[in-house]
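Student: I am new to this structure and would like a close look at a single part of it. Could you take me slowly through one residue and its surroundings, and then show me how that part fits with the rest?

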Amino acid sequence: MSKRRLSEQQKTRIAEKQKQEFGEVDNNTAIVEEKCNGRVISHFGQQLDVEILLGENAHSIIRCHQRANLPSLVTGDLVLWEQDTDETGVIVAQAVRKNVFGRADAQGQLKAVAANLDFVLIVFAVVPEPYLNLVDRYLVAISQLGLEPLLVLNKVDLLAAESNTGIDNMLSIYRKLGYPVFEVSALQGTGLAELEDQLKSRTTVLVGQSGVGKSSLINRLGLDQLAEVGDLSDSKYKGTHTTTTARLFHLRNFDLIDSPGIREFGLGKMEPAEVLNGFVELDEFSTRCKFRDCSHNAEPGCAIQAAIDHGEIHGERFESYQRILGSME
Ligand SMILES: Nc1nc2c(ncn2[C@@H]2O[C@H](COP(=O)(O)OP(=O)(O)OP(=O)(O)O)[C@@H](O)[C@H]2O)c(=O)[nH]1
Ligand SMILES: [Mg+2]
Ligand SMILES: [Zn+2]
């Protein structure tokens, strides 16, 4: 996989598209980052926890409301706030966002999760059982943002000596595509040093199914009980949706944003070409199809079908791509 470097034009296009989709930051009224004196740490209900960035109270948290004319703010947003009462503040302006990661809810409404990110870290685990399609959905969303993904398999302490074929298969697929894949155990602390190395000086949001151990990873990396951890349900080994809102944590020399686990990751409405963009190998082979408007199903001269036949593209990835397209109809 070639590393994607974005041209200025692409960056502008991504910013424009995000503005349309989330309908949130108005870059005409938003202020520059340098004018901000706070960062949104968490947003719950009508209130936000804002980290004070300047002055004698720097690093402490103030509970804020936001002015009604501002769009909905999310974890990671840089803001300008003013003292309201003794204990609370009011957010009066927001900085232009570098980017915003979000998902579509069941009604197709796009919901922002976190802003101003360097990495999105996709967490999956030995239990609950991982799904290739969920990881692929995240990869599509991340490629739309022009960000680099990191993949983490957590709970390797639970790997049985045999019968890990599903997981081995997933790891090998993503490694072959060139994605960085880390195998870790938040419980035992294995594999975390390499992961930490990647995260240095960056802001990273952790995403994935409920129960995979996102909050546990943050606690382990932070050497402290920062985030609440929940048990898996006894019957189904599924997560129990313990984290309910995104929250930013400062760790040694990097920031991590915990996010609520999800069952389905909705992508919202996208063009087939945009989905294809998130499947690096499909995207690459598609340029060699005989017909420019090839749907890659049964057309003669389809380079993707040929690559599947020759074992150069994994059939499961193509199925996953088709499932995503199907879910948008
Ligand atoms: N065996 C094992 N269990 C782990 C590991 N990491 C986390 N767990 C357990 O997995 C369960 C879920 O962990 P959480 O950290 O709450 O998972 P989460 O991804 O934050 O879940 P949500 O907040 O619901 O999205 C807890 O019982 C953890 O103790 C690990 O490396 N090994
Ligand atoms: Mg959690
Ligand atoms: Zn084709």
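Tutor: Leaving aside residues up to four places away in sequence, V123 touches V152, N154, L206, V207, G208, V212, G213, K214 and L217 in this predicted model. V123 is also listed, together with V120, I122 and V205, among the residues with the most contacts inside the largest nonpolar core, which has 66 residues. The element that gives the most to this core is strand 8, residues 119-125, with seven residues. As a general background to such a core, nonpolar side chains in soluble globular proteins tend to be buried together.

From V123 we can move on to the ligand by way of one of its contacts. G213, which V123 touches, is also one of the residues that come nearest to ligand 1, and the others named with G213 are S215, S216, T243 and G261, out of 25 residues around the ligand. Helix 5, residues 214-222, supplies the largest share of the shell around ligand 1, namely three residues. Two further contacts of V123, K214 and L217, have numbers that fall within the range 214-222 of helix 5. Sorted by class, the shell around ligand 1 holds seven nonpolar, 14 polar and four charged residues.

To place this part within the whole chain, it helps to know that the protein is divided into domain 1 (25-94), domain 2 (100-258) and domain 3 (272-327), and the number of V123 lies within the bounds of domain 2. Between domain 1 and domain 2 the C-alpha centres are 27 Å apart, and the contact between these two domains takes 10 residues from domain 1 and 13 residues from domain 2. On the side of domain 1 that touches domain 2, strand 1, residues 38-44, gives the most, with four residues, while by class that side has four nonpolar, five polar and one charged residues.

Strand 1 then leads us to its neighbours in domain 1. Strand 1 runs antiparallel to strand 4, residues 78-83, and two bridges join them; in one of the pairings, R39 has L78 of strand 4 as its bridge partner. Strand 4 in turn pairs with strand 5, residues 88-94, in the antiparallel sense over five bridges, and here W81 stands opposite I91 in strand 5. The connection from strand 4 to strand 5 is a hairpin, which passes through four residues.

Terms used:
Residues numbered from 1 in each chain as written. Chains lettered and ligands numbered in written order. Predicted model: local features only at pLDDT ≥ 70, side-chain atom pairs only at ≥ 80, totals over all residues. Near = placed C-beta within 6 Å. Nonpolar A, V, L, I, M, F, W, Y, C, P; charged D, E, K, R; others polar. Core = buried A, V, L, I, M, F, W, Y, C linked by C-beta atoms within 7 Å. Buried ≥ 20, exposed ≤ 12 C-beta atoms within 10 Å, placed from the backbone. Contact = placed C-beta atoms within 7 Å. Domains from an automatic or database assignment. Pairing = 2+ DSSP bridges.
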